[in-house]
Amino acid sequence: MSNKEYRPTLAQLRTFVTIAENKHFGTAAAKLAISQPSLSQALVALEAGLGVQLIERSTRRVIVTPSGEALLPYAKATLDAAEAFLSYARGANGNLSGPLTIGMIPTIAPYILPNLLHLINAELPELEPRIVEDQTKHLLEQLRDGHIDLAVLAVPTDQPGLIEIPLYTEDFVVVVPHDHKLAGRDDLTIDALRGLNLLLLDDGHCLRDQVVDLCRSADFTPDNRNTAVTRAASLATVTQCVSGGLGSTLIPLSAVAAECQRDSLAIAQFNPAVNASRTIGLVYRGSTSRTDEFATFGTLITRAYQDSIADVVKPATLAS
């Protein structure tokens, strides 16, 4: 029997929603950064207060009950409303201030963060940035779950309920050993990649998929004979492998300054008429009330990117 005076806490609702979405107590506890006993206690308190079983537990499976399925949308709506309330309160003065959790993919974060954090310190001194680096799939999950406020990644993602603001288009460059026949060229076509032993990032990184799609646009599959045994989770590792003679790779322009300063490496660029690039954008929940503020924040990200490539491209190219 439910207690008519009972009112669930946001923490209890968040516990229920996270368990229902993940169907696993351990995963839910990890996402909420609490212990499993605390997670279970919060769920038990919620079910006892409501007088309704929301989650059916067994040693093998976690099942959302019919009552739980019916109440789940309302729990999510309550959490969204609370987040909107806090977001509006933080930005009621029209300025970005307070905590802001920013998700970034690994092929962006190391290369624009130094400039971005400098801009934030100079122009948004009341903002408290918190950085989460992860793959696109996981960032989108955290965004939907409310664990991050926005994400900087390759777009489009075509995810319902999320808004995307394209920020800039970033060219890819080819990284080769210093004595490679392509070293220093700036007139490459996609066909120039044909036959190269391309080292790719591990599965789950969107850059890997983008390079594969780029090759397929010229009707060939990248030759990655070493990739089956060489598994890299960062561009730093991939470029080190190129430096050691294991093959070649493609990296975004913003990574050149950080990753290609060794004498054993050289870069080659595509003909300006060739579309070998990715679009980076800002992604956030459609339910937020901070659209204008996030758009303003997006301009800082674009400036940080431009600063990161200033020493790599010619001034005329940068201005365009």
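## Helix H5 and what covers it

Let's start with a helix. In H5, the buried residues are Ala 109, Tyr 111, Ile 112, Leu 113, Leu 116, Leu 119 and Ile 120. Keep in mind that this is a predicted model.

What sits over those buried residues of H5? Strands and helices both take part: the cover includes strands S3 (98–104), S4 (127–133) and S6 (162–177), along with helices H8 (235–243), H9 (256–259) and H10 (291–308). The length of H5 checks out too. The helix has 15 residues, running over 109–123, and at 1.5 Å a residue it should span 21 Å; its end C-alpha atoms are 20 Å apart, so the two values agree.

## A look at Thr 249

Now move to strand S7, which covers residues 249–252 and holds Thr 249. Is Thr 249 buried or exposed? Its relative accessibility is 3%, and buried means under 20%, so Thr 249 counts as buried.

Leaving aside residues up to four places away in sequence, Thr 249 touches Val 173, Val 174, Val 175, Leu 198, Leu 199, Val 238 and Val 242. With Leu 199 there is also a polar link to look at: a polar atom of the Thr 249 side chain lies 2.7 Å from the backbone oxygen of Leu 199.

## The largest cavity

Thr 249 turns up again when we look at enclosed spaces. There are four cavities of 30 Å³ or more, and the largest has a volume of about 60 Å³. Its lining is made of Leu 199, Leu 200, Leu 201, Leu 207, Arg 208, Val 211, Leu 235, Val 238, Thr 249 and Leu 250.

Which elements supply at least two residues each to this lining? They are helix H7 (206–216), H8 and S7, and H7 gives the most, with three residues. Sorted by class, the lining of the largest cavity has eight nonpolar residues, one polar and one charged.

## The second largest pocket

Pockets are open, and the second largest of them holds about 530 Å³ of space. Its lining counts 23 residues; those nearest the centre are Arg 14, Glu 83, Asp 145, Gly 146 and His 147. Two or more lining residues come from each of helix H1 (10–22), helix H4 (66–90), S3 and helix H6 (136–145).

H4 gives the most to this pocket's lining, with seven residues. What classes do the lining residues fall into? In the second largest pocket, 11 are charged, seven nonpolar and five polar.

Note on methods. Residues are numbered from 1 along each chain as its sequence is written. This is a predicted model: local features need pLDDT of at least 70, side-chain atom pairs count only at pLDDT 80 or more; totals for chains, interfaces and linings use all residues. Side-chain values use heavy atoms; hydrogens and water are left out. Helices (H or I, at least four residues) and strands (E, at least two) are DSSP runs, numbered from the N terminus. The expected span of a helix is 1.5 Å times one less than its number of residues. Buried means under 20% relative accessible area, exposed over 50%, partly exposed in between (1.4 Å probe, protein chains only). Contact means heavy atoms within 4.5 Å. A polar contact is a pair of N or O atoms within 3.5 Å; within protein, one must be able to donate a hydrogen and the other to accept it, and residues adjacent in sequence count only if both atoms are side-chain atoms. On a 1 Å grid over the protein atoms alone, a cavity is a set of points where a 1.4 Å probe fits but cannot get out, and a pocket is an open set with protein on both sides within 12 Å along at least five of seven lines; lining residues have an atom within 4 Å of a point. Grid points are joined across faces, edges and corners, and a volume is the space filled by probe spheres set on the points. Ala, Val, Leu, Ile, Met, Phe, Trp, Tyr, Cys and Pro count as nonpolar, Asp, Glu, Lys and Arg as charged, and the others, Gly among them, as polar.
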